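Biologist: Please show me the model, and then I will ask about some of its side chains.

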Amino acid sequence: MSLLAAKIQETFVEPACERNRRKDADTRKKGCSKPPTPGAAAGGCAFDGAKIVLQPITDVAHLVHAPLACEGNSWDNRGAASSGATLWRTSFTTDLTELDIVMGLSERKLFQALRQIKEAYAPSAIFVYATCVTALIGDDIEAVCKRAAEKFGVPVVPVNVPGFVGSKNLGNKLAGEALLDHVIGTVEPDDVGPYDINILGEFNLSGEFWLVKPLLDRLGIRVRACIPGDARYRDVASSHRAQAAMLVCSTALINLARKMEERWQIPFFEGSFYGITATSEALRGIAELLVKKGADQEILKRTETLIAKEEAIAWKRLETFRPRLEGKRVLINSGGVKSWSLVHALMEIGMEIVGTSVKKSTVEDKERIKQVLKDEQHMFESMAPRELYAMLSEHKADIMLSGGRTQFIALKAKTPWLDINQERHHPYAGYDGMVELVRQIDLAIHNPVWSEVREPAPWEDGPCVGERLPGTHNETASVAPLNALWHDAGDFAEC
């Protein structure tokens, strides 16, 4: 646990984070995110954050060393996609019981589980996740993993991130540390090229990275490793030989990007594939970094040619939607990279941003939003459900873009809603993804169901139960004649 404590403190002083550099020493020790509230599940724990980052490595067996309940992590709610191996979708757990813990059998049970996984599935590697229970009883998963790797001839990676150490975001960063300590640099590739790059913090939600990779292929740029989306263990292990890297989600893996630059001289920049302009800038940024690392400058010309062609196609397709969406008001309740990339993307087609959440956004993210919106009043750290409902019910936005947690607020306010977080079923990255996003927004806003649900119910215009009926003396509406409304029975009405 002393090694883990040192890792945690190291993430709290991340030198690549502008916010950390501005803190004083005492504030920096408190970390960059709030600790989880005991008994609260919303938002996730550190174990959950580590699993989110590592589980999309698709040919790896992910073994949770814990009682059965800990295997119920949130990844099955996330739409990451794989182009090949499906082992990552199989749940593995040591299923510890009270007897195992009391009798001191948990480490032995872990070793047996590793043997069974190796014999039955022959994975490229096995990741072992410590949890609150196994950390509290003092299981040495590093020693067990080291012995199992020697015995079975397969990489066994300890991920020592029990949930109680902090938030989901901290778990993201500690997962990056596990890759640096045990995976990256362990395989030497024999096909190193001048156009090899890494994409960090890309999760391939709904297969959206597959809309971007063909663009890179056409430029002759090879993605040596996309971490973690649709990744393979060997690709991640050899990713230290890439020439450059693009960081998509800085709040999750900025420590990984910085340390790969320090250890292996892999320069990186932060970008986004959401929106036409952002995608073009990302392609330019990749090409420019490769040229700085020695690639032929001709790639810059090829990049501009590709951008011009793809932008022309995308804008032509978007013109169909512009008359239907121009001036429509959007509320974005997401955060992170989408807090600024979607703002710019939607404003490009004439939509108005009435608010965007900056939760989980970096200082750089917020600066980008300020440059685009020109008004800080449209930025909010978080908005209580009551405030969200009030804003939507007062028709201050025509649609809300958010994750599944707030969808019912929009539905209760009878406002169109579109999922833009991990549970979505449509890819929104790249030029084609931007067109798909706009198409889905158009479908949501102009869905005829909204005009129907906003109409008053047939009984809302009549008197309520117990209220005197018009044209009568003593009769009042009662519960008895509930069907009278549907039979057009004169004076009767009900609520």
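Biologist: Is Tyr121 buried, partly exposed or exposed?

Modeller: This is a predicted model, and the answer rests on relative accessibility. Buried means under 20% and exposed means over 50%. Tyr121 has 42% relative accessibility, so the class is partly exposed.

Biologist: Which pairing class, stacked, tilted or edge-to-face, do the rings of Phe47 and Tyr129 fall into?

Modeller: A pair of rings is described by the distance of the centres and the angle of the planes. For Phe47 and Tyr129 the centres are 6.2 Å apart and the planes stand at 80°. Planes over 60 degrees apart count as edge-to-face, so the pair of Phe47 and Tyr129 is edge-to-face.

Biologist: How many residues apart in sequence are Phe47 and Tyr129?

Modeller: Phe47 belongs to helix α4 (residues 46-54), while Tyr129 belongs to strand β3 (residues 125-130). The pair therefore links distant parts of the chain, and the separation is 82 residues.

Biologist: Which lysine lies over the face of Tyr129?

Modeller: A lysine counts here if NZ is within 6 Å of the ring centre and within 35 degrees of the ring normal. At 5.7 Å from the ring centre of Tyr129, the residue is Lys51.

Biologist: How many residues does the largest nonpolar core have?

Modeller: Nonpolar side chains tend to be buried together in soluble globular proteins. Among the residues with the most contacts inside the largest core is Leu437, which touches Leu342, Leu346, Leu418, Ile420 and Tyr428, leaving out residues up to four places away in sequence. The number of residues in the largest nonpolar core is 55.

Note on methods
Residues are numbered from 1 along each chain as its sequence is written. This is a predicted model: local features need pLDDT of at least 70, side-chain atom pairs count only at pLDDT 80 or more; totals for chains, interfaces and linings use all residues. Side-chain values use heavy atoms; hydrogens and water are left out. A nonpolar core is a set of buried Ala, Val, Leu, Ile, Met, Phe, Trp, Tyr and Cys residues joined through side-chain atoms within 4.5 Å. Buried means under 20% relative accessible area, exposed over 50%, partly exposed in between (1.4 Å probe, protein chains only). Contact means heavy atoms within 4.5 Å. Rings of Phe, Tyr and Trp (its six-membered ring) pair if their centres lie within 6.5 Å; planes under 30 degrees apart count as stacked, over 60 as edge-to-face and the rest as tilted. Helices (H or I, at least four residues) and strands (E, at least two) are DSSP runs, numbered from the N terminus.
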